[in-house]
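This report describes the fold of a single chain, beginning with its secondary structure and ending with the contact between its domains. The sequence and the model are shown first.

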Amino acid sequence: MPDASSLPWARARLHIVTGKGGTGKTTVAAALALALASGGKRVLLVEVEGRQGISQTFDVGPLSIAETRIAYAPGGGEVVGLSVDAKAALLEYLQIFYKLGRAGGVLERFGAIDFATTIAPGVRDVLLIGKVYEANRRRKDGRRSDPVEGDMAYDAIVLDAPPTGRVVRFLSVNEEVADLARVGPIRGQADSITDMLRSGQSVVHVVTLLEDMPVQETADAVAQLREARMPVGAVVVNQVRAPILPAGQLRSAARGRVDRDGIRSGLGSVGLATTDAVVDGLVAEARDHARRVALETELRSSVDQLGMPIFSLPALTDGVDVAAVRQLADLLTDQGMVR
Amino acid sequence: MTPPGVRQPGTSRPARPARPARSGRPVTPVKRAAAPRLDIDALLADRATRVIVCCGSGGVGKTTTAAALGVRAAEQGRKVVVLTIDPARRLAQSLGLTELDNQPRPVAGLDPAGGGTLDAMMLDMKRTFDDVVLAHSTPEKAEQILANPFYQAVSSSFAGTQEYMAMEKLGQLRAQSDAEGTWDLIIVDTPPSRSALDFLDAPARLGSFLDGRFLRLLTAPAKAGGRAYLKVFNAGVNLVSSTMSKVLGGDMLRDVQTFVGALDTMFGGFRERADLTYALLGQKSTAFVVVAAPERDALREASYFVDRLGADGMPLSGLVVNRVQGVAAPGLNAGRARAAAEQLTEAGDTFTAALLTVHAGVAEAAARQRNLTDRFRAGHPSTPVVEVPALAEDVHDLAGLRAVGASLAGA
């Protein structure tokens, strides 16, 4: 089991969480934020795709560009939620850095804001991560500076990032705007963001399931992240189901070699139906279970081969609610993913 | 009374009597509100169906569904082309797609008995965009556009470009099948957007932007200059121009201006093209198939999409719910199985106890999924639904696609 203080991201303030669609990356990001917040820390949890996944996970009203507390953590900590919208981020950015006032509204009327936020390639992503960059440098007194421990508005930031297929492009803002903005403020902002991502303050975690496609995409994303010199952190294997049968019985069950008479008498002894239909059904379900466990074991070894720290979270049988996210947060802490 | 959580996918049609499932296991028919069932075979057999659009959120098996529909339609005699956007490697291999060359290629290994054919292709959005430029301008002009940095960025990285080019390619394939009779059915997978709705909106957004007044203003601010009544407008123009150049940098602004200037003379309006595509999608010959997994988020997205298609008057065929948990021992309810497992563990029969625990998990998962899909049905009582059982493994060959196709058809 990895020890948090020796982990490569022990210094990280910005945790970027990605994963294939459907792997539960928002849930994992939420759990990680709660885990980081425990013991009196203040953590910002950010989404950038306007999905309102965070507010649904925490069962609070829709989030916006206004930072809103969404949960308390044990020991006085809190998680603050933020849904970054490129348009609002641009207007805020113009306000902070250019003191635009009236111009913002004019730009909006002329479609310039739409241009910058939806069409101009890369600019949108610069704005979205730019908001995270700004929050990362914000001090308690509202001024901005390189992070100084204990002095910052947030002790940590968790970014619920785009899925694996898009995350590398999303983070590679520098390359995205390189051809377009050779100089100028957008370029400057992109450079600062890239510095932040590579400074050791940031780390990218990938969420996967033990299924073919997510594991394949995880391997692809890790390779691309490494190639793009992005700081790769942990793999979080989500929705892990413990095998119900012991290893030897799994093997026989996978082959359908089971003692049907034994099962029949077992069922009879507790007053259950002992028809062929029931016995066949149970055997078929056990076979599927055994095959699935075998596949998961195989996939788990491909995840191991990525050479990254791995943390596992169980499948939640009753769906995801705040209580469940808290449980997952504890599991991440217990496994040493956070200090 | 039927215990909760007991349902075999594909048997939800109330009128259908109990019949053996494929594996020969007995199946209990379940009484259920008369929700219409999505009849995939009828949809594929209907020669009036010329375009099928598969849409839904990421990770729900959209591309697999599109490919499986293609195989089934082709083996039933249709001349099909499947346009995939970003298929997983193994799925691409199962269709024989080894390279991204932006051209439909015949899929080998199909049963030719029905007289149908199947071609498949992966979308290369940059190449599609390049082709549009080449087809609509002089060679010199095309060269100028293709070399423009802004064009290069827009054509390869702007998120909306993928949606736009998927629609552009769909239009091309449709034109080719109308003119040459190459295909009589086009099946399109949709890009893995932030939201399934992006795919409907993005073409219009790109179209209206490229055609919009902001770009006109960037390209020809001088035109407005002479008119007195535009003084206020002009003040705005200057403010916009100076701010844009402050924020973006003068170089980028110039690149944009060159790019738009070049495009402007070339196209008869992007907006018009986007409108045409949108109109094509709205025709009766198009069928939207929304794909979801039996999970909260995927079904919520599916609901939005169904509502949106309805609001836009788009021809919705129905919902495919993929990866539905099957129950092989439906006669036994989960709670009873758990209690019995406990008793058996105490009595030392841990194997039978484990089987019952496995069953309880399966039955509970099925019940949860049924709750979620029932909620969808309640909200959309007239939307036909078909459920596809979960497969043990991901699809990686034609046989796998055939099996998915059979499940889609409820066979």
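Helices, of at least four residues, and strands, of at least two, are taken here as DSSP runs and are numbered from the N terminus. On that basis the secondary structure of chain A, in what is a predicted model, comes to 14 helices and eight strands. Of the 339 residues in chain A, 51% are buried, and among the contacts that link residues at least 6 apart in sequence, 72% join residues at least 24 apart.

One of the helices, H6 of chain A, covers residues 123–137. With its 15 residues, helix H6 reaches 20 Å from its first C-alpha to its last, which is close to the 21 Å expected at 1.5 Å a residue. Because 13 of its 15 residues are buried, H6(A) is largely enclosed by the rest of the structure.

The domain assignment divides chain A into two parts, domain 1 being formed from two segments, 4–241 and 315–334, and domain 2 from residues 243–303. The contact between them draws on residues from each domain, as the table sets out.

| Domain of chain A | Residues in the contact |
|---|---|
| Domain 1 | seven residues |
| Domain 2 | five residues |

On the side of domain 1 that touches domain 2, the elements giving two or more residues are helix H10 (212–227) and strand S7 (232–240) of chain A. The largest share of that side, three residues, comes from H10(A). By residue type, the side of domain 1 that touches domain 2 divides into five nonpolar and two polar residues, with no charged ones.

Methods
Residues are numbered from 1 along each chain as its sequence is written. Chains are lettered from A and ligands numbered from 1 in the order in which they are written. This is a predicted model: local features need pLDDT of at least 70, side-chain atom pairs count only at pLDDT 80 or more; totals for chains, interfaces and linings use all residues. The expected span of a helix is 1.5 Å times one less than its number of residues. A residue is buried if 20 or more other C-beta atoms lie within 10 Å of its own, exposed if 12 or fewer, and partly exposed in between; C-beta atoms are placed from the backbone. Domain bounds come from an automatic or database domain assignment. Two residues are in contact if their C-beta atoms, placed from the backbone, lie within 7 Å. Ala, Val, Leu, Ile, Met, Phe, Trp, Tyr, Cys and Pro count as nonpolar, Asp, Glu, Lys and Arg as charged, and the others, Gly among them, as polar.
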